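Colleague: Before I trust any labels on this one, I'd like to hear how each was earned. Can you put the structure up and take me through it?

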Amino acid sequence: WPAFVAILAVAGLNMALPPSFSFGPRWLLLAIVVGLLIPGLIAHRAGKQYFDFIIGHLVAGIVTLFMIFSVGLLIRALPTHREPPVTLLRSAAALWITNILVFASWYWRLDAGGPHKRDEEPGHNSGALLFPQMSLDAERKSLLNIDKDWSPQFIDYLFFAFNTSTALSPADTAVLSRWAKGLAMMQASISLTIIVILAARAVNIL
């Protein structure tokens with residue numbers, strides 16, 4: 001459920017962008033997301049994991065493309081001075097948050113085969129991301145009141161994505177696989193671009 005809420009939040013943030021920073025009508029992404037999430041939820045409840053998997057990746061891919069397109073329009077608009085400073089700052093902030101939610105969804109969907117695969121076995125001992133809980137032995141987990149069969153939830157991937165967008169590098173979680181490193185690099189690059197735009201516009205305002 002948190003991942004579905006995150007994707008809906010991304011669609012909502014897209015509606016907050018001005019038309020000049022949106023691909024098509026601002027409601028288009030929300031309509032696409034809702035139109036795909038409904039059959040995705042039906043497939044999830046029916047236990048059709050394959051269709052749930054396909055639809056989930058399709059939705060994540062679409063929102064990623066919409067976000068990258070909007071970031072490109074934001075970059076193009078900066079030197080033209082056609083948009084009011086407040087609009088640019090608000091749009092950059094919305095896209096920065098979108099960046100976190102989109103990549104948190106990707107990490108959650110791809111790590112260790114995805115949520116369905118992770119739920120098949122108790123505990124989480126391997127994956128593309130090495131969370132701190134994974135390096136603790138049973139005794140230390142007991143002392144810290146951590147479930148011995150601890151497994152990452154969406155909030156854990158959201159925290160990792162937030163750190164990557166804020167610090168432009170992982171904080172407490174090591175990145176092990178090449179695909180995860182590629183995603184983290186892409187996320188950090190998008191975040192850095194948006195932060196630079198925010199800083200440049202703030203300097204112009206001052």
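Modeller: Let's start with empty space: on a 1 Å grid over the protein atoms alone, a cavity is a set of points where a 1.4 Å probe fits but cannot get out, while a pocket is an open set with protein on both sides within 12 Å along at least five of seven lines; lining residues have an atom within 4 Å of a point. Points are joined across faces, edges and corners, and a volume is the space filled by probe spheres set on them. By that rule, counting from 30 Å³ upwards, there is 1 cavity here. The model is a predicted one, where local features need pLDDT of at least 70 and side-chain atom pairs count only at pLDDT 80 or more, though totals for chains, interfaces and linings use all residues. Residues are numbered from 1 along each chain as its sequence is written, and side-chain values use heavy atoms, with hydrogens and water left out.

Colleague: What makes the largest cavity count under the 30 Å³ rule?

Modeller: Its space comes to about 60 Å³, against a cut-off of 30 Å³ or more. Around it sit V10, L13, N14, L17, L29, V63, F66, M67, S70, A94, L95 and T98. Two or more of the lining residues come from each of α1 (2-16), α3 (49-77) and α4 (85-110), and α3 gives the most, with 4 residues. Those helix names are DSSP runs of H or I, at least four residues long, numbered from the N terminus.

Colleague: What makes a residue of that lining nonpolar, polar or charged, and how many fall in each class?

Modeller: Asp, Glu, Lys and Arg count as charged; Ala, Val, Leu, Ile, Met, Phe, Trp, Tyr, Cys and Pro as nonpolar; the others, Gly among them, as polar. On that split the cavity lining has 9 nonpolar, 3 polar and no charged residues.

Colleague: And the open spaces: how much room is in the largest pocket, and what lines it?

Modeller: About 520 Å³, with 25 lining residues, of which H44, W108, P115, H116 and D119 lie nearest the centre. At least two residues each come from α1, α2 (28-45), α3, α4, α5 and α7, with α5 giving the most, at 5 residues. By class the lining divides into 11 nonpolar, 8 polar and 6 charged. The second largest pocket holds about 170 Å³, and A112, K117, R118, E121, P122, G123, H124, N125 and S126 line it. Its classes are 2 nonpolar, 4 polar and 3 charged.

Colleague: A112 again, then: why is it called partly exposed?

Modeller: Buried means under 20% relative accessible area, exposed over 50%, and partly exposed in between, with a 1.4 Å probe and protein chains only. A112 has 28%, so it falls in the middle class. It sits in the loop between α4 and α5 (115-120), and just after α4 it takes a positive phi of about 55 degrees.

Colleague: What about N145: buried or exposed?

Modeller: Exposed, because its relative accessible area is 73%. N145 is in the loop between α6 (138-143) and α7, and its phi is positive too, near 60 degrees, in a residue other than glycine.

Colleague: How do you know which class S191 belongs to?

Modeller: Its relative accessible area is 0%, so S191 is buried. It lies in α8 (residues 178-205) and touches W96, N99, S165 and L168, leaving aside residues up to four places away in sequence; contact here means heavy atoms within 4.5 Å.

Colleague: What makes K148 and D149 a salt bridge?

Modeller: The rule wants a side-chain nitrogen of Lys or Arg within 4 Å of a carboxyl oxygen of Asp or Glu. K148 and D149 come in at 3.4 Å, N to O, and a search of the whole structure finds 1 salt bridge. K148 is exposed, at 60%, and D149 is partly exposed, at 32%.

Colleague: Last one: how does the span of α4 compare with what is expected?

Modeller: Expected span is 1.5 Å times one less than the number of residues. With 26 residues, α4 reaches 37 Å from first C-alpha to last, close to the expected 38 Å. It is also mostly covered, with 19 of its 26 residues buried. As for α7 (residues 154-167), its 14 residues reach 20 Å, close to the 20 Å expected.
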